[in-house]
Every structure is written in structure tokens, then in C-alpha cells.
Amino acid sequence: MQREAFFDNAKWILIFFVVFGHTIQPFVEKHDAIYVLYQWIYTFHMPAFIFLAGYFAKPSGSKGYVLKLTKKLLIPYVIFQSIYTVYYFLIGKQDWLHTPFEPHWSLWFLISLLCWHIMLYWFYRLPKHVALLITVQLGLLVGYIDVIGHSFSLSRTFVFFPFFLLGYWFGPEQLKWLRKKNIRAFSLLVLGLSAAAITIAPRFSTSWFLGSKSYLEMGMPEWGGFIRLGVYVITILMMFSVLAWMPRKKGIWTKYGTNTLYVYLLHGFFIHFFREFEVFQLQSSLDMAVLVTVAAMITWGLSSQPVRKLASPLIEWKDKSHFRWSKKIRTVKEYRL
């Protein structure tokens with residue numbers, strides 16, 4: 001079965017936004033334009049990724065399937081949790097020491113992805129409106145429980161699960177409406193209004209889009225649930241608006257869309273080095289062009305075939321017979337980030 005270019009295009013473009021967002025993060029506080037761009041990116045990039053992950057999910061609750069998925073996700077998590085701990089120490093990062101249950105930076109996604117697949121087995125059996133209502137309520141309520149946060153990625157697991165479930169429910173027929181001219185025109189309005197709203201509104205914390213903190217930590221112990229509900233609405237509109245404009249024909253980046261997990265797990269080595277040693281400055285439009293170029297080069301380089309061959313034993317771990325540097329990499333037919 002031939003891969004549809006839309007999904008690989010979307011994954012590669014979205015992972016670029018992830019890398020670019022992390023690249024410009026140090027300049028958010030000092031530059032209003034960067035703040036707006038940064039917040040705008042965070043309204044859609046991870047929810048869209050999670051939506052696509054759900055689109056390719058299979059609600060199998062068999063023991064063998066769960067064991068296979070656990071190996072596929074948790075072994076790379078343990079490996080990279082250890083590697084990042086050592087790397088952070090070597091570059092002098094202050095918060096380098098984390099417990100095994102407190103994911104370093106972007107590694108939360110691996111734990112949450114495993115949980116979403118397991119949770120899907122129970123929720124896909126329910127009527128869609130009932131399942132969606134329950135998952136949204138869980139996402140709202142978890143913010144009121146202060147002890148649930150970054151550890152085990154529990155908070156993000158519940159907050160982002162509705163997007164995974166939405167992705168599972170959507171099929172090719174349901175996605176066709178994104179191609180309609182009136183939908184794409186409306187999506188441009190949404191994209192523009194969101195940027196304008198972020199520009200006009202008082203500054204607010206990106207934590208509302210990260211889903212990793214309780215409402216108490218974000219200073220809204222009583223009204224946090226209502227704010228998160230509004231964030232859900234904005235994020236869903238932004239997610240579909242961005243997906244509506246993803247290219248559907250093959251481009252020069254399409255073939256790299258199958259390797260975005262490599263970008264996701266490896267780009268932190270570059271980003272944290274840049275931050276710790278303040279490699280880049282932002283004082284002109286030329287500096288901004290440099291940041292865009294650097295983000296694009298990181299995204300392209302880490303999704304290239306040589307990097308995949310080099311890093312696959314750490315990322316696509318299967319069993320001992322596959323754990324060899326010299327062996328050719330088999331084609332993975334399952335969905336990869």
C-alpha cells in the first residue's frame with residue numbers, strides 16, 4: 001500500500017516547527033515578535049502530532065501487542081533518559097539529574113504515547129461523544145490535582161489524550177473536508193486571528209499549552225479548568241487549520257517525514273548546547289534568518305538516511321538479532337512519529 005504524501009509532509013513540517021520553537025525559546029522574554037510566534041506555534045504543533053499518532057493507532061489490547069509496544073517505546077526512553085542525563089551534566093546544565101520517572105525535556109512523549117495506546121483499548125468501545133466527553137473532563141480535572149504533574153508524564157497523558165482519540169476516529173473520508181475551499185479560507189482566518197489575539201492579549205505562560213503543570217502552579221487554582229477548556233477549543237481550531245494547508249503532493253521533504261522520531265529524540269543535543277553556551281543572538285532580521293536556517297538544517301540532517309542508519313539501534317530497538325550497527329535497516333510499516 002502506497003504511503004499518502006499528506007501525512008509524511010505534515011509530520012516533517014510539524015517537526016520543523018518543534019525544532020524551530022525550541023530554537024527561538026531563549027529569546028521569547030526579550031522580543032515581543034518572538035513571543036507571539038512562539039505562542040502561536042505552541043497552539044498546534046504537538047496536538048497535531050498527537051492527532052496523527054492517533055490516526056494510525058490500533059486499539060489492540062492483546063498481551064503480545066502491549067509487550068511489543070512497551071519495548072518499542074520504553075527501551076528508547078530508558079536509553080535516551082540516561083544519555084541526556086550524562087550529556088546535560090557534561091555541558092553544565094543545572095537540572096541534569098532526573099529520576100527515571102521524571103522525563104528529560106521531550107521524552108515525555110514516549111511514555112504518554114504508550115499510555116494513549118493502552119487507554120485507546122478501553123475508550124474506542126464507547127460511543128464517540130461519551131468517550132470524548134470523558135477524556136476532556138479528565139484533561140480538565142487533572143489540573144486540579146497538584147500531585148499529578150511531570151512525573152511519569154501523567155498530566156500530559158490525560159491533557160492530550162482527547163487529540164489522540166480524535167485522530168483515531170478520523171479516517172480518509174473525514175479528512176477530506178479539510179480540502180474544501182471554504183474550510184481552507186476559514187482556516188486562514190483562524191490562523192490570522194490567533195496571531196492577532198496573542199499580540200493584543202497580555203502575556204501569558206506557555207505552560208497552558210504544555211499540559212504538564214497543575215492550575216495551582218500556573219496561578220489559577222480555581223478557574224484553571226475553564227481556561228484549559230478555552231485552550232482546548234483554540235488548539236483544536238488551530239490544529240485543523242494548520243493541517244488544512246499541509247501539502248498533499250510529494251515534495252523534496254516528503255521522504256524525510258518517515259524519520260521524524262529521530263529528529264524529535266536527537267535535536268535536544270543541539271538545542272541545549274546552543275542554550276548553555278549562548279551560541280546565537282537575536283538583534284536583527286539577519287539573525288532571525290540564521291535561526292530559521294539552523295532549525296531547518298537540524299530537521300533535515302536528523303531525518304536523513306545516514307542519521308537513521310547510525311541511530312536506529314538506539315531508537316528502533318527490537319531484539320538482539322536487530323541490534324547490530326552493520327545490519328541493514330528494515331522498512332518499518334507501522335506509523336512512526
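**Helix packing and a buried threonine in a predicted model**

Leaving aside residues up to four places away in sequence, Thr157 touches Ser112, Cys115, Trp116 and Met119. This threonine is found in helix H7, which covers residues 154-169. Thr157 has a relative accessibility of 2%, and because buried means under 20%, Thr157 counts as buried.

Before going further, a word on confidence is welcome. The structure described here is a predicted model. Its mean pLDDT is 90, and 93% of the residues of the protein reach 70 or more. Residues 319-336 have a pLDDT below 50, and in the model this stretch has 28 contacts beyond near neighbours in sequence. Where pLDDT is low, the predicted coordinates should not be read in detail.

Next come the helix pairs. Two packed helices are described by the angle between their axes and the distance between the axes. Helix H1 (residues 5-24) and helix H2 (residues 32-42) offer one example: their axes come within 10 Å and cross at roughly 145°. The crossing of these two helices, H1 and H2, is left-handed. On the H1 side, the residues that meet H2 are Phe17, Phe20, Gly21, His22 and Ile24. Their partners in H2 are Ile34, Leu37, Tyr38, Trp40, Ile41 and Tyr42. Sorted by class, this contact of H1 with H2 has 9 nonpolar and 2 polar residues, with no charged residues.

A second pair is formed by helix H12 (residues 260-276) and helix H13 (residues 285-302), which pack at an angle of about 140° with their axes 9 Å apart. That angle makes H12 oblique to H13. The crossing in which H12 passes H13 is right-handed. H12 contributes Tyr262, Val263, Leu266, His267, Phe270 and Phe274 to the contact, while H13 contributes Val294, Ile298, Thr299 and Leu302. By class, the contact of H12 with H13 has 8 nonpolar residues, 2 polar residues and no charged residues. A general point helps when looking along such a helix: an α-helix has 3.6 residues a turn, so residues three or four places apart point the same way.

Helix H12 appears again in the surroundings of helix H14, which spans residues 305-315. The buried residues of H14 are Arg308, Ala311, Ser312, Pro313 and Ile315. What covers these buried residues includes H12 and helix H4 (63-90).

Notes: Residues are numbered from 1 along each chain as its sequence is written. This is a predicted model: local features need pLDDT of at least 70, side-chain atom pairs count only at pLDDT 80 or more; totals for chains, interfaces and linings use all residues. Side-chain values use heavy atoms; hydrogens and water are left out. Axes are lines fitted to C-alpha atoms, for helices over the stretch in contact, and angles run from 0 to 180 degrees between N-to-C directions. Helices (H or I, at least four residues) and strands (E, at least two) are DSSP runs, numbered from the N terminus. Angles under 35 degrees count as roughly parallel, over 145 as roughly antiparallel, 65 to 115 as roughly perpendicular and the rest as oblique. A crossing is left-handed if the near helix is turned anticlockwise from the far one by less than a right angle, and right-handed if clockwise. Contact means heavy atoms within 4.5 Å. Ala, Val, Leu, Ile, Met, Phe, Trp, Tyr, Cys and Pro count as nonpolar, Asp, Glu, Lys and Arg as charged, and the others, Gly among them, as polar. Buried means under 20% relative accessible area, exposed over 50%, partly exposed in between (1.4 Å probe, protein chains only). pLDDT is the predictor's confidence in each residue, from 0 to 100.
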